[in-house]
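Student: I have a structure to go through before group meeting. Can we take it topic by topic?
Tutor: Fine, put it up.

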Amino acid sequence: MPSYHALPQMLATKLEFELPLNYKAPDQGHIKVFARSVVRKDKQDANLPWLVYFQGGPGFAAQRPVSHSGWMKRALEEYRVLLLDQRGTGLSTPVNYASLAHLSASEQADYLSHFRADNIVRDAEAIRKQLSPDAPWTILGQSFGGFCVLRYLSAAPEGLKEAYITGGIPPLGRSADEVYRATYKRVKQKNLEFHRRFPDAAGLLKKLHQHLLAQEVLLPGGQRLEPKMLQLLGIHLGMEDGPEGVYYLLEQALMHTASGVKVNPLFTERFIHMLDYNTNPLFSLLHEAIYCQKQASRWAAHRIRTEYSEFDAPSGAPMLLTGEMIYPWMFDCFDNLKPLKECAELLAAKDDWPMLYDIDQLAQNKVPVAAAIYSEDMFVEMDYSLETARKVANLKYWLTSEYEHNGIRMDGERILSRLIALNRTEILR
């Protein structure tokens, strides 16, 4: 029996689906996939089409609806929205060190090989056949969700009426190495902008780094705050309000006490909450794999970093923060990743990942697609997005410098309105 709950101007329903772990071998067992449908209260009895939201990631649950605002407010004007917890996230059968503890490292790697965009889309299409068997539906993908959209267009376009992408057009044929070469340049530029805006940030980082080199500092839970972990805060430099959050945290990092300079407990609490590696392990385990087709990543971000020595500047030089990069040493630093280290090594070496995109199918695509491409995006290389856009038929894009990567969260109603108008050849300013 579905479970309902009321929200401001909205009604939400919890849904669960039992689906194959491996669609090519259904006898290998099933997993639970959770989704939440949301409808405007005054439209709950209307025969509305569906819009499915694919969350960014990989490895993050769909957003939890709180208010009748943002992109969802626009969507609920004409759709019933489905917020899909992609397999392994949220209330879908979870992936973490505890849930995988009964498996060997090789069994863990084999299990997780079924958690990429190809199977996320298979799940979505299986759910569509239950909820909307007689009609295709509309999809919206943010960031990694856009990768899922391109996979859907490649593998099951018959299930789609329209598609929307924000900050997430994937490179179709480029390797993880090429992606990270471009990304390191973007991250460096964001660092330069950060230090121009906050001239004392370099000094704050330097003092904190030197303190961590000289003294052991423990994070909540007892794990050590390694000096190199500081650079991971750079993932926030590519978000709206992210640079401000990093700077204001650094301002409070060190405090003077009767026994000398200490790291402020407020800093360690907030530091660990600003990083998702302990809470969302799929992000670390499968992030590089989202770029892999018939090839291994071999810790691409870690290898390519050697080409950008400024990220390992000698003592005394300004510290550059990194971005959406996963490094093998993280599986030695974060408590919830440590038990999965051997599995991570196997996934990084896996060289038989299936193809994700059908270039020929995309070239003759008939599903209307509208995409927002953010020219200043730190996470998704603009030139690669434009390169892909030229290869996908029936795709229109809006190129803008107004937003960072998480624009959909900051101004979602305007962004989705503009994309809907673009898809329907309306003029909207």
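**Cysteines, cores and rings**

Tutor: A search of the whole structure, which is a predicted model, turns up zero disulfides.

Student: What is the nearest cysteine sulfur to Cys 333?
Tutor: The sulfur of Cys 343, 18 Å away; Cys 333 is in no disulfide. Cys 333 counts as buried because its relative accessibility is 7%.

Student: And which cysteine sulfur is nearest to Cys 343?
Tutor: That of Cys 292, at 14 Å, and Cys 343 is in no disulfide either. With 0% relative accessibility, Cys 343 counts as buried.

Student: Switching to the interior. How many residues has the largest nonpolar core?
Tutor: The largest nonpolar core has 118 residues. Leu 112, Trp 137, Tyr 277 and Phe 334 are the ones with the most contacts inside it.

Student: Which helix gives the most to this core?
Tutor: Helix α4, residues 144–155, which contributes seven residues.

Student: Is there another core apart from that, and if so, of how many residues?
Tutor: Another core lies apart from it and has 26 residues, including Met 10, Leu 51, Met 72 and Ala 75.

Student: Back to Trp 137. What does Trp 137 touch?
Tutor: Leaving out residues up to four places away in sequence, Trp 137 touches Trp 50, Val 52, Leu 82, Ala 124, Ile 127, Arg 128, Leu 131, Tyr 152, Gly 159, Leu 160, Lys 161 and Glu 162.

Student: Now the rings. How many aromatic pairs does the structure hold?
Tutor: The structure holds 19 aromatic pairs. One of them is Tyr 111 with Phe 115, a tilted pair with 5.1 Å centre to centre and 45° between the planes.

Student: Are Tyr 111 and Phe 115 buried or exposed?
Tutor: Both Tyr 111 and Phe 115 are buried.

Student: Which residues form an aromatic cluster?
Tutor: Phe 60, Tyr 277, Phe 283 and Phe 334 form one aromatic cluster. Tyr 277 and Phe 334 also came up among the residues with the most contacts inside the largest nonpolar core.

Student: What lies over the face of Tyr 327?
Tutor: Arg 305, at 5.1 Å from the ring centre. In another such case, Lys 350 lies over the face of Trp 353, at 5.1 Å from the ring centre.

Student: Different topic. Which residues does UniProt list for "domain: AB hydrolase-1"?
Tutor: UniProt lists residues 49–216, in an unreviewed entry. In the model, that span is 46% helix and 14% strand, and its end C-alpha atoms lie 56 Å apart.

Student: I have Leu 204 on my list. Where is the place of Leu 204?
Tutor: Leu 204 is in helix α6, residues 201–214. Leu 204 counts as partly exposed because its relative accessibility is 21%.

Student: What is Leu 204 in contact with?
Tutor: Tyr 247, Leu 250 and Glu 251, leaving aside neighbours within four places in sequence. As for Leu 7, the C-alpha atoms of Leu 204 and Leu 7 are separated by 43 Å, with the two positions 197 residues apart along the chain.

Student: Last one, Ser 401. Where is Ser 401 found?
Tutor: In the loop between β11 (395–400) and α15 (407–423).

Student: Why does Ser 401 count as exposed?
Tutor: Because its relative accessibility is 51%, and the cut-off for exposed is over 50%.

Student: And what does Ser 401 touch?
Tutor: Ser 375 and Glu 376, not counting residues up to four places away in sequence. The C-alpha atoms of Ser 401 and Ser 375 are separated by 5.1 Å, though the two residues are 26 residues apart along the chain.

Methods:
Residues numbered from 1 in each chain as written. Predicted model: local features only at pLDDT ≥ 70, side-chain atom pairs only at ≥ 80, totals over all residues. Heavy atoms only, no water. Phe/Tyr/Trp six-rings, centres within 6.5 Å; stacked < 30°, edge-to-face > 60°. Buried < 20%, exposed > 50% of the residue type's maximum accessible area, 1.4 Å probe, protein only. Lys NZ or Arg CZ within 6 Å of the ring centre and 35° of its normal. Core = buried A, V, L, I, M, F, W, Y, C linked by side-chain atoms within 4.5 Å. Helix = DSSP H or I, 4+ residues; strand = E, 2+ residues; numbered from the N terminus. Contact = heavy atoms within 4.5 Å. UniProt positions renumbered as here; feature names shortened; annotations may be inferred. Disulfide = S-S within 2.5 Å.
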